Every structure is written in C-alpha cells, then in structure tokens.
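The following questions and answers concern strand pairing and the setting of one loop residue. Please consult the sequence and structure as you read.

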Amino acid sequence: MAADSVSGTGAERLASLADERVDHRFKGLPPDADGLTVGELAAQRRNLFSGGFTTPVLALSAERLDHNLRLMETYSVRHGLAFAPHGKTSMAPQLFQRQIEHGAWGITLAVPHQVRVARAFGVQRVFLANEVVDAAALRWVSAQLAADPEFRFVCYVDSVRGVELMDSALRGAVRPVDVVVELAAGEGARTGVRTEEECSAVADAVGGVDTLRLVGVAGYEGEVPDPDSERVRGWLRRLVSLAVDFDKDGRFEGLDQVVVSAGGSAWFDAVADVFAGIPELSVPVLKLLRSGAYVSHDDGHYRKITPFNRVPEEGALQPAFRLWAQVVSRPSAEQAFVNAGKRDAAYDLDLPEVQVVRSGADAGAGERSADGIAVTGLSDQHAWIRTAEGVELQVGDWVGMGLSHPCTSFDKWELIPVVEQDGTVVDYIRTYF
C-alpha cells in the first residue's frame, strides 16, 4: 500500500540537495569544505574525527538508521498496518523518501508549513494530524489537490465551527478535502471531540457541505490520561466502535476506503492489537499507524517507553544519534565543560547521556567508556560535566553523547552527517524546520 516514490519534480528536488553549497550556515562541517557542494563533500567520504569537522557536531548512524527503517517496515507488514510515519520528527525530505521506499503509505505532518515542505519534495500522500482552519492554508491545499489528481490529503476535523470555517475557505474547490473526525483521548486531553454524540454532530456538519468528504476516524492514544495498557486499549476500542457506528449510519457510502488511524511511538503495540480486531465494514479499512520517533530512536525517553520493551520478540529499535563535543575546560577533578549546550542538544525531556570518550580527533584514536562521567546541566553553548574520582578526562578530548527526544534533536541541525561505524561520513541529511 506504499506510494511508489515521490513525484518527478520532487525527485529532482531531492537530487538537487546534493548541489547545495557548504558554507557558514551549517555548523559542525569542515571549514575547508566551504564552496564544495554537499554531494562533492559526501563523495570525499571524510572521517568524522579526522576529516576537519568541528565540534559540536551531530552524527546520525548509517547502520542504525537503516535498521530502524527496516524494523518498522517489517512490523507494519506483520500486523497488517499501513504506515504514515510522523514527519515532524525529522522534517527531512531525504528521510521521508527513505521511509516511503521502506513501505510507508505516506507521511504524517502537523501543520500546513510542513505539508508545503513535503509537497515541495514530491510527497504524494499526506495525513495532517490536526484540524486546519487557516483560510490561506486551506486554499493552498485546495490548489494542490486541483493541480495534482494523484495527491491524497487527509486532515482532522474536531468541531462544527471548524467545519464551517473550512467550508467557507474552500468554496469553489475542484476536489473536496478528505477529513477524519478526531476522537479525543479523554477529558483534559489535547485536541479532539470529547464524546461520541459530539462526533456524530461533527460528522453531520461534514455531510452537509460539498467542500469536505468524511473518510474515517482518528486520534492519538498518547494523550490518554494516566495511560496504561488497558486504558489505551479501551480508548482504541472506542475509536474502532466509532468507525463501526459511522459505517452503520451510512456515513462512508460511496468511498473506496475508510481510514482508521492512531499510533504514536509509545503504544503502537496496542494499536496493532486493537486494529487487528476491526470488523469488516461496508468498504475496506486502511489501518493507518503514524509513529515517527522510530527513525532515529533515542537514548532517553523513547528508549524507556518503546513498545518493543513489551514485545522484545518483535525486535528492537537502535538509537542512531550521537552528539560529539570537545572538552574545553577542566577546572577541577570533579568538573569539566564541553562545547555543546542547549543550542545543540535536546534537553526538554532528559539531559544528554555521556557514552564514550575519544582522546582527540585522530581517526585511529580508540573510544573508551564514559563511566563516571555525567551531564548535570546545560547552558546555551556548554554542557556541565561531573566526573567521579579518578576518571580520566582532559581538555581536548571528544565526548560522545546520546540524546533524548528525536523531535528536538533534529530541529537544531540543518545538515546532519550520516556516519558509518568506522567514522566515514557517507551522506548529509537536510532538515527544514
């Protein structure tokens, strides 16, 4: 059920990323590479440690990235799920394309600007996990749909007022905008319609206009209050029941396919279990999973909450990011400072985790364990390091850190080296936040 690829123009734009010139915009890259194209620099296959890269520099493991892409492709196929990974995690069109090549139905996004990025690079199927009431954005979506018959776009609706605003902005549209009613995860949760009765009212409002087409139901189980396995599955069963009731009421008449969608990165095992029990409806069901953090995984929050901890027989994601910084001060036996801080590292969920130390940038320098070395705080451009008694760490050493929360790791870096296990940089990932 995956799209074959991006559109022709999108493929050309992806290829053109290699033609971008390396310069001061891209932190961490070798100063002597200024003026080269990204493709030319990649072709040099420089070593991350001895090839002139400056610290701090964020690296994405080539092997672990590939592993994660393959694992979620296998998982989705095994459980009969279509997959639209959430692109707001990386905002990297090259990764969107690789996700599509690994079986993704399309890409999930959160706001209209992100859709514009995806469309600029030819993504043909977009699930927007939000209600869109901005008239300018809706007119742009409508123009995209009119210009490209192959473009598939689906977004949330969660209020009658929202339907009215969407209808007003879309008058005269060539194609209606496909929408799914968002069921809230509970009282006090984030967005979404709170009760099934209100869901019916929103669906009625959609059915009363020509500019929108109701194609299913959706929501985000990660917002279930005090989540545990039973509460999450209980909400997912409500979502499925809503789809069944809408179908019985004839709300999906004339469709080729009904969309039932959920799935963040913490409970996709529950989504797979409950969606496996969706009964036969009047038309086929697209069971759409939207997890996004898997692409890089992490060494903190998602390492703790990934469903693969509960189902280890299904495999395991691998953290693919490592932030390299250099010790720039060692004022005492218990304290050190490295030159990476809030501008470089995710810190909204957990502090970076020091994992390895290298004695300088020599390509042949070995890595040693960072036992007894911990980040205790971040300034804008420094990490505060505490060292245990007897730990060897000196000015000039390179410190490799794992990060927590992929979404706020990608967004700090515009061009990210993709590095093989031996340190060879084989590609660069461009982000658009």
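Q: In this predicted model, which residue of E10 is the bridge partner of Val57?
A: Strand E1 covers residues 57-61, and four bridges join it to strand E10, residues 321-332. The two strands run antiparallel. Within this pairing, the bridge partner of Val57 in E10 is Trp324.

Q: Which residue in E16 stands opposite Ala325?
A: E10 is also joined to strand E16, which spans residues 398-402. Four bridges connect E10 and E16, and their sense is antiparallel. Opposite Ala325 in E16 stands Val399.

Q: How many residues lie between E10 and E11 in the hairpin that they form?
A: Strand E11, residues 335-338, pairs with E10 over three bridges in the antiparallel sense. One of the paired positions is Ser329, whose bridge partner in E11 is Phe337. The hairpin formed by E10 and E11 has between its strands a number of residues equal to two.

Q: Is Thr306 buried or exposed?
A: Thr306 is placed in the loop between helix H11 (301-305) and E10. The cut-off for a buried residue is under 20% relative accessible area. Because its relative accessibility is 5%, Thr306 counts as buried.

Q: Which residues does Thr306 touch, not counting residues up to four places away in sequence?
A: Contact here requires heavy atoms within 4.5 Å. With residues up to four places away in sequence left out, the residues that Thr306 touches are Ser265, Phe268, His297 and Leu317.

Key
Residues numbered from 1 in each chain as written. Predicted model: local features only at pLDDT ≥ 70, side-chain atom pairs only at ≥ 80, totals over all residues. Heavy atoms only, no water. Pairing = 2+ DSSP bridges. Buried < 20%, exposed > 50% of the residue type's maximum accessible area, 1.4 Å probe, protein only.
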